[in-house]
Amino acid sequence: MPAVTQSIALAEPRRAARKGPSRGLDTVFRLCSYGAALIVLLVLAGILGSIVYGGWPAFREFGFGFLTSSAWNIGTEQYGALVAVLGTVASAFLALLIGVPVSLGIAIFLTQLCPGWARKPVAMTIELLAAVPSIIYGMWGLFIFAPLFARFVQIPLSNVVEGMPILGTVLYARVPSGVGVFTAGVILAIMIVPFIASIARDMLDQIPTVLRESAYGIGCTTWEVVRHVLVPQAAVSIIGAIMLGLGRALGETMAVTFVVGNANRLSASIFDPSSTIASRIANEFNEADGLQLNALMALGCILFVITFIVLIIARLLTRRVRAA
Amino acid sequence: MDAVNTLAMSPSRGSRVRPGRRIADRMLRVSCLVATVVGAVVLGSILLMLIVEGIRGFSPALFTQPTPGPGSEGGGIANAILGSLVLTTIGIVVAAPIGVMAGTFLAEYGRTSKLADVIRFLNDILLSAPSILIGLFVYTLMVRPMGSYSGWAGGVALAIIAVPVIVRTTEDMLRLVPGTLREAGAALGAPPSKVITSVTWKAASAGIVTGIILALARIAGETAPLLFTALNNNSWFSANLMGGVANLPVMIYQFALSPYPNWQGLAWAGALLITGTILALSIVARLVIKPQRSR
């Protein structure tokens, strides 16, 4: 017995001695992970800080007029954001208009109508579509979609609507080249479909089967189950998913740069070439200096504000559901 | 009226479904099917275009020769391939430790802290932030002070894009590890860092690796941030990362919009190469995670 007590007493100081460095290591590890997490915070602050810093001279020079001016003249150093902002909003809006019904259709098809054996391959294909780099969509839009669209839609449509009161402006293509705001909207729609569809599919899958079965049990048709059971259940998170898609569409650069036409022209027609914030930055940044560079940075600020508001709303909506 | 209805209806459906309801149902079914078919056709058309045009531009010289000058014949994209490999390697080597550690903080240390909530939220936002803004940030941070476009700046820009992806997957995967494992480790007297490195990380290793592969797939095709950071370099690849570095995405962008057929062919070959690589990476990521889920 005394031997045991002795050995414990002997072991005690040794353990205490070993604890020292290990506790130190423990603290270092914790601080490392803490620091890594803070980097995320710093990067976001750095992004905001750098573009505000870079864009400040332009905001000071043009004031509030920067937002409302449609000028973009490198010779006279007059810059305004209106065309790019409108182009960004219009192309993203068109993308939602086309993309949302299609992605919801795909999500409903995959969760409710699709035969079991086809479900996995189709779902996986759609998720892989989200991994294709945006530049590929841009090439497809410019080399495949635009020529077909110009030939089979723009030219016939322009002939029909020419001279009509409102349609004659909105749908008339002065130069039927296939590129423009509408084409940018179509390409963006294709890019956000896999994104929205896969989130919406996850949301629909999470709804308890019992709810669906009981609705079918009282004789509901598929449409009624979707309309009265699934949509109310998943509505908030699906809106969140749509907002995430919108955030992506607003900031997408390469695909849009290929097909938007890159003109600084205020036009009422959705078939006319225009610019978005991101496409203008991508196009001009490398050759810009002086005030033009500042104006491009200021455009970046506007893009930051718009997308971050959209993304914050999106994350709040999708999070609320996850917590519930 | 009723009789007609009954005849038109399939017997299993019963006879009390009003035509309005039936039409609405049919329309839903048809439009959902059409949406899926349209999606599949567009995807098929994109892949077909890539394969047809890409194979046309394919030759062994792609991998052995640098990009040719404007209007000249022949040449390859070897410098762009090598440059892309170097840039994505820098990006992932910088991003992986930061992302894994930050994800560990969120999942292990910060479960209840307010700061962790804020970081988690901002990380989700950074995950979908426009990559062109990240390019502008790195331009201000590195390119302007250093005076020239550089490979390092390109690598850092890619790292910033990769970090949120890795943080998110690491946190999600660590949260799947049951708490009893951690308790068992702690009961043996292991300090928290030991429990994390030899118990939780080990249990979640497949998931963490998946996150890193997904991040790799994400940054491999990024173009916008590289335009303002690494830009391009038409000569043969030099080991000098302080200067511009040729890379596939920017090369594709510039060559595809050029008027020279030879350049356009090279752009298509590059596009096929990069898309194939990214799709392969995404599929590998899925295969890695599978055994863990079924366990």
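No salt bridges are found across the interface of domain 1 and domain 2 of chain B in this predicted model. The count of residue pairs in polar contact between domain 1 and domain 2 of chain B, with both residues at pLDDT 80 or more, is likewise zero. The two domains, as assigned, cover residues 12–56 (domain 1) and 60–293 (domain 2) of chain B. Their centres, taken over C-alpha atoms, are separated by 35 Å. Seven residues of domain 1 of chain B and six residues of domain 2 of chain B make up the contact. About 530 Å² is buried between domain 1 and domain 2 of chain B, and carbon and sulfur atoms account for 85% of this area. On the side of domain 1 of chain B, the most area is lost to domain 2 by B:Leu50, B:Glu53 and B:Gly54, which together give 72% of what that side buries.

Two of these domain 1 residues, B:Glu53 and B:Gly54, recur among the contacts of B:Trp268. B:Trp268 is located in helix H12 of chain B, which runs over residues 261–294. The relative accessibility of B:Trp268 is 7%, so this residue counts as buried, the cut-off being under 20%. With neighbours within four places in sequence left aside, B:Trp268 is in contact with B:Met49, B:Glu53 and B:Gly54 of chain B and with A:Met139 and A:Phe143 of chain A. The C-alpha atom of B:Trp268 is separated by 21 Å from that of B:Val86, a residue 182 places away along the chain.

The interface between chain A and chain B was examined in the same manner. Chain A and chain B each contribute 76 residues to the contact. The area buried between chain A and chain B is about 6900 Å², with 79% coming from carbon and sulfur atoms. In chain A, the residues that lose the most area to chain B are A:Phe29, A:Val40 and A:Arg315, and together they give 10% of what that side buries. Two salt bridges are counted between chain A and chain B. A salt bridge joins the side chains of A:Glu224 and B:Arg21, with an N to O distance of 2.6 Å. Twelve residue pairs are in polar contact across the interface of chain A and chain B, both residues of each pair being at pLDDT 80 or more. On the side of chain A that touches chain B, at least two residues each are supplied by helices H1 (2–62), H3 (82–113), H4 (116–129), H5 (134–161), H9 (222–251), H10 (254–259), H11 (277–284) and H12 (291–323) of chain A. H1(A) supplies the largest share of that side, 20 residues.

Helix H1 of chain A also holds A:Gly24. A:Gly24 has a relative accessible area of 35% and is therefore partly exposed, a class that lies between the limits of 20% and 50%. A:Gly24 and A:Leu211 are 187 residues apart along the chain, and their C-alpha atoms are separated by 54 Å.

Chain B contains twelve helices and zero strands. Of its 295 residues, 53% count as buried. Among contacts in chain B between residues at least 6 apart in sequence, those that join residues at least 24 apart make up 72%.

Helix H9 of chain B comprises 16 residues, 205–220, and should span 22 Å at 1.5 Å a residue. The C-alpha atoms at the ends of H9(B) are 22 Å apart, so the model agrees with the expected span. The buried residues of H9(B) are B:Gly207, B:Ile208, B:Thr210, B:Gly211, B:Ile213, B:Ala215, B:Ala217, B:Ile219 and B:Ala220. In general, residues three or four places apart in an α-helix point the same way, because the helix has 3.6 residues a turn.

B:Asn247 is located in the loop between helix H10 (224–227) and helix H11 (248–256) of chain B. B:Asn247 counts as buried because its relative accessibility is 0%. Polar atoms of the side chain of B:Asn247 lie 3.1 Å from the backbone oxygen of B:Val245 and 3.2 Å from the backbone nitrogen of B:Val250. Not counting residues up to four places away in sequence, B:Asn247 touches B:Ala80, B:Ser84, B:Leu87, B:Leu226, B:Ala230, B:Leu231 and B:Asn232.

Methods:
Residues numbered from 1 in each chain as written. Chains lettered and ligands numbered in written order. Predicted model: local features only at pLDDT ≥ 70, side-chain atom pairs only at ≥ 80, totals over all residues. Heavy atoms only, no water. Helix = DSSP H or I, 4+ residues; strand = E, 2+ residues; numbered from the N terminus. Expected span 1.5 Å × (residues − 1). Buried < 20%, exposed > 50% of the residue type's maximum accessible area, 1.4 Å probe, protein only. Domains from an automatic or database assignment. Contact = heavy atoms within 4.5 Å. Buried area = accessible area lost by both parts, 1.4 Å probe. Salt bridge = Lys/Arg side-chain N within 4 Å of Asp/Glu carboxyl O. Polar contact = N/O pair within 3.5 Å; in protein donor to acceptor, adjacent residues only side chain to side chain.
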